[in-house]
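Biologist: I am new to this structure and would like to go through it step by step. Could you show it first, and then take my questions in turn?

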Amino acid sequence: MDDENDQVKEVTQEISEGKYLYKENKLKKLFITYGLLIFTIVLFIIFSILNPVFLSQRNIFNLLSQGSAIGILALGFTTIVISGNFDISFAANAALVSIICPILIEDLGVPLLIAYLISMVLAIIVSIINGIIIVFLNVPSLIATFGMSNFLFGISNWITKGNYLCFPYILPAYKIIGKGKIGGVVPVALLIFLIITFFVIVFLEISYKGRQFYVVGSNLQAAARVGINVKKIKFQAFFIMGITAGMGGLIIGSIFETADPAVGTALLFPPVIVALLGAVFLKEGIPNVLGTMVAAILMSGISNGFVLLGYTLWVKEITEGVILIFSVSVISILKPGGLPSVEM
Amino acid sequence: MELSKTNNKDHYIKAHVLEGKTWYKDYLLVIVIAVLLIVFTVLNPQFVGIDNIFSILNFASLTGIIALGMTIIMIISGIDLSGAVIANLSAIISVYLVTKGINNLLIILTISILVAIVASLINSILVVYIKIPSFIVTIATSAVFQGFCRSIAFGGAGVIYPKKLPHGFVFLGTHYLGKLIPMPVIIFIVTVFIMIIIIELSPLGRKMYAVGSNPEVSRHVGIEVNKVQIYGFLLAGLLYGIAGIIMSSQYAAAMVGMSDGYLFPAVISILLGMIFLSLKFANIKGTFISAILLSILVNGFTMINLPFYWKNVVQGLLLISVVIVLSTGKRESV
């Protein structure tokens, strides 16, 4: 009996000394939170030492323009993952938009702004169909969008008759969003990206409606019990994805001036990696907008840097895959169950 | 007393014992196959020509073997999208070894299959120990493995085409047993039988189903969840390796992307098999019959001269429809 009393006294003493308090490992948290940003800066420095062209104005311009398109797509994808779903058809969606828009302008003589409008509406319709299948028919989002991406790929090829089309004589105004410069320096694409980012941050991170996305994604049951309209939120995420897919597709079409269904494959991985890598940043495993932004710049720098340093295609492919594995591993460790899984 | 009928996954009771009313589902796929055969033959009489039948059977065998591997992984955890790429890697390694002067067929086959098993092992570590959902893992690893394929085949711009082959290299891919049945088909059928024994009948298979449907309960019941899952991945890797060496044997060469055409049909096969041959869980028989159906469909499209992109359109729509059907009757998530 005496022994037990002594033990209890000992433990009580330790508790009051604070031995059992949860002490955050400050260093680890710092590393995870800001590690990505530091890594980006370091990498850029390394690249510019290895090849000074990296920092040339033209190169930075290209980097930022393409990165903007990928970043916009990544923002949409981030929103979808935040709300607890997946969408791998956005790339094919953007590709379809990049194909339809120049055809509307050149072959059908549609005025520029109307063509933009039609293309955006198309992207949104595709995303809404995804949303209906996934949210209202309860189909797992990965498989549904997997099928949809294949379907869209087929449609894109049907429009271009299996080839890719070039538009060397297209309306100069078409090239503005991809290649235009403001004040001769800042890419238009970057500006669009920053504007969209601003809106997404205000919506997702600050506004009340936006925070609901996070709740829905992390704890569905709790969200429903608190009274959030889960279906509406998830559906809205797809709507946002549609808008970003449309914008991204228009910018890509403007940069490359071709209508190429293969763009769909190339546009898939980078935004996914950007969104998931960004989840490692700032919010420890939850996809978020600022993280996506930093990751977009990082990935853009990496692919640009690899090209400049003369690495061949497969190095980039393997690196992207490894980065993706790294990101999802960290996410799974930091936040188990943070990634939506497929149940059939 | 009336026995209450469980209407969801109860893996310890055979499916068709419960399915009294839905016998037709078992045969629906076979009926569809018959219908497709008739339709395509009418549209192009060469469809049932001996050459085309072999073509269909070859495609079905490769799709089927890859799909079987993916079915196992589907049973124990989720979707494996890297199956086709792992098979591709196997094929490329086998041909690469030939170009490096290795002449012993047995060594080549062993190493190629081992590579596939190791690749699947990598997947399994990420899924089982780091607990990443299998579809994300396999999307990422498929990119990495494809990068490996490209790096190995880099010198020949993505194709390895050896000038001299070891004796017997093309046997598995092109030999006709008894001058009639192609070897790939034999391998496929034998594999299906073995898989049915392992997965549907043996205790290991029962454990795999248990682990797949409810890992927590399985752990409590005493099943070593991690071990079972890893066995599943290893088995799938073996199958991918076999598919890979059949592919390289058929072409006597290997190419990056040669297996891409098998991925989508394989995924659809698994899902289609889930609807029609069981209570909506992945199973070997369903995959087997669906693989044949998909091959007939794909081949038929080519025979009636539809441009290649129609395949994608129809496959995409088919996949979406199949998944919608699979998801009806599921409890709503909210």
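Biologist: What is the mean pLDDT of chain B?
Modeller: This is a predicted model, and pLDDT is the predictor's confidence in each residue. In chain B, 89% of the residues reach 70 or more. The mean pLDDT of chain B is 83.

Biologist: Over which residues of chain B does pLDDT stay under 50?
Modeller: One stretch of chain B has pLDDT under 50 throughout. For that stretch the model has nine contacts beyond four places in sequence. The stretch is residues 11-21.

Biologist: What ipTM does the model score?
Modeller: Two scores are given for the model. The pTM is 0.83. The ipTM is 0.81.

Biologist: How many helices and strands does the secondary structure of chain A come to?
Modeller: The C-alpha trace of chain A spans about 95 × 55 × 35 Å along its principal axes. Buried residues make up 49% of its 344 residues. Among contacts in chain A with a separation of 6 or more, 77% join residues 24 or more positions apart. Its secondary structure comes to 15 helices and four strands.

Biologist: And how many helices and strands does chain B come to?
Modeller: Chain B has 334 residues, and buried ones make up 51% of them. Residues 24 or more positions apart account for 78% of its contacts with a separation of 6 or more. The secondary structure of chain B comes to 14 helices and four strands.

Biologist: Which helix gives the most to the side of chain B that touches chain A?
Modeller: In the model, 40 residues of chain B are in contact with 42 residues of chain A. On the chain B side, α6 (134-152), α12 (260-276) and α14 (309-327) each supply at least two residues. With 13 residues, the one that gives the most is α14(B).

Biologist: How many nonpolar residues does the side of chain B that touches chain A have?
Modeller: Sorted by class, this side of chain B has four charged residues and ten polar ones. The number of nonpolar residues is 26.

Biologist: At roughly what angle do the axes of helix α5 and helix α6 of chain A cross?
Modeller: Two packed helices are described by the angle between their axes and the distance between the axes. Here helix α5 (residues 112-136) and helix α6 (residues 141-160) of chain A have axes that come within 10 Å. The crossing of α5(A) past α6(A) is right-handed. The angle is roughly 145°.

Biologist: Which residues of α6(A) make the contact with α5(A)?
Modeller: From α5(A), the contact uses A:Val126, A:Asn130, A:Ile133 and A:Ile134. By class, the contact has six nonpolar, three polar and no charged residues. The residues from α6(A) are A:Ser141, A:Ala144, A:Thr145, A:Met148 and A:Leu152.

Biologist: How many of the 20 residues of α6(A) are buried?
Modeller: From its first C-alpha to its last, α6(A) reaches 28 Å, close to the 28 Å expected at 1.5 Å a residue. After α6(A) comes A:Lys161, whose phi is positive, near 55°. The helix is largely enclosed by the rest of the structure, because its buried residues number 17 of the 20.

Biologist: Is A:Ala295 buried or exposed?
Modeller: A:Ala295 lies in helix α14 (residues 289-308) of chain A. Leaving out residues up to four places away in sequence, A:Ala295 touches A:Leu36, A:Val274, A:Leu277, A:Gly278 and A:Phe281. A residue needs 20 or more other C-beta atoms within 10 Å to count as buried. A:Ala295 has 31 C-beta neighbours inside 10 Å, so the residue is buried.

Biologist: Which residue follows α11(B)?
Modeller: Helix α11 (residues 225-251) of chain B has 27 residues and reaches 40 Å, close to the 39 Å expected. The residue after α11(B) is in the loop between α11 and β4 (254-255) of chain B. Its phi is positive, near 55°, and the residue is B:Ala252.

Biologist: Where is B:Lys131 found?
Modeller: Most residues other than glycine have a negative phi. B:Lys131 is not a glycine, yet has a positive phi of about 60°. B:Lys131 counts as partly exposed because it has 16 C-beta neighbours inside 10 Å. B:Lys131 is found in the loop between α5 (105-128) and α6 of chain B.

How values were computed: Residues are numbered from 1 along each chain as its sequence is written. Chains are lettered from A and ligands numbered from 1 in the order in which they are written. This is a predicted model: local features need pLDDT of at least 70, side-chain atom pairs count only at pLDDT 80 or more; totals for chains, interfaces and linings use all residues. Two residues are in contact if their C-beta atoms, placed from the backbone, lie within 7 Å. Ala, Val, Leu, Ile, Met, Phe, Trp, Tyr, Cys and Pro count as nonpolar, Asp, Glu, Lys and Arg as charged, and the others, Gly among them, as polar. Axes are lines fitted to C-alpha atoms, for helices over the stretch in contact, and angles run from 0 to 180 degrees between N-to-C directions. A crossing is left-handed if the near helix is turned anticlockwise from the far one by less than a right angle, and right-handed if clockwise. A residue is buried if 20 or more other C-beta atoms lie within 10 Å of its own, exposed if 12 or fewer, and partly exposed in between; C-beta atoms are placed from the backbone. pLDDT is the predictor's confidence in each residue, from 0 to 100. The expected span of a helix is 1.5 Å times one less than its number of residues.
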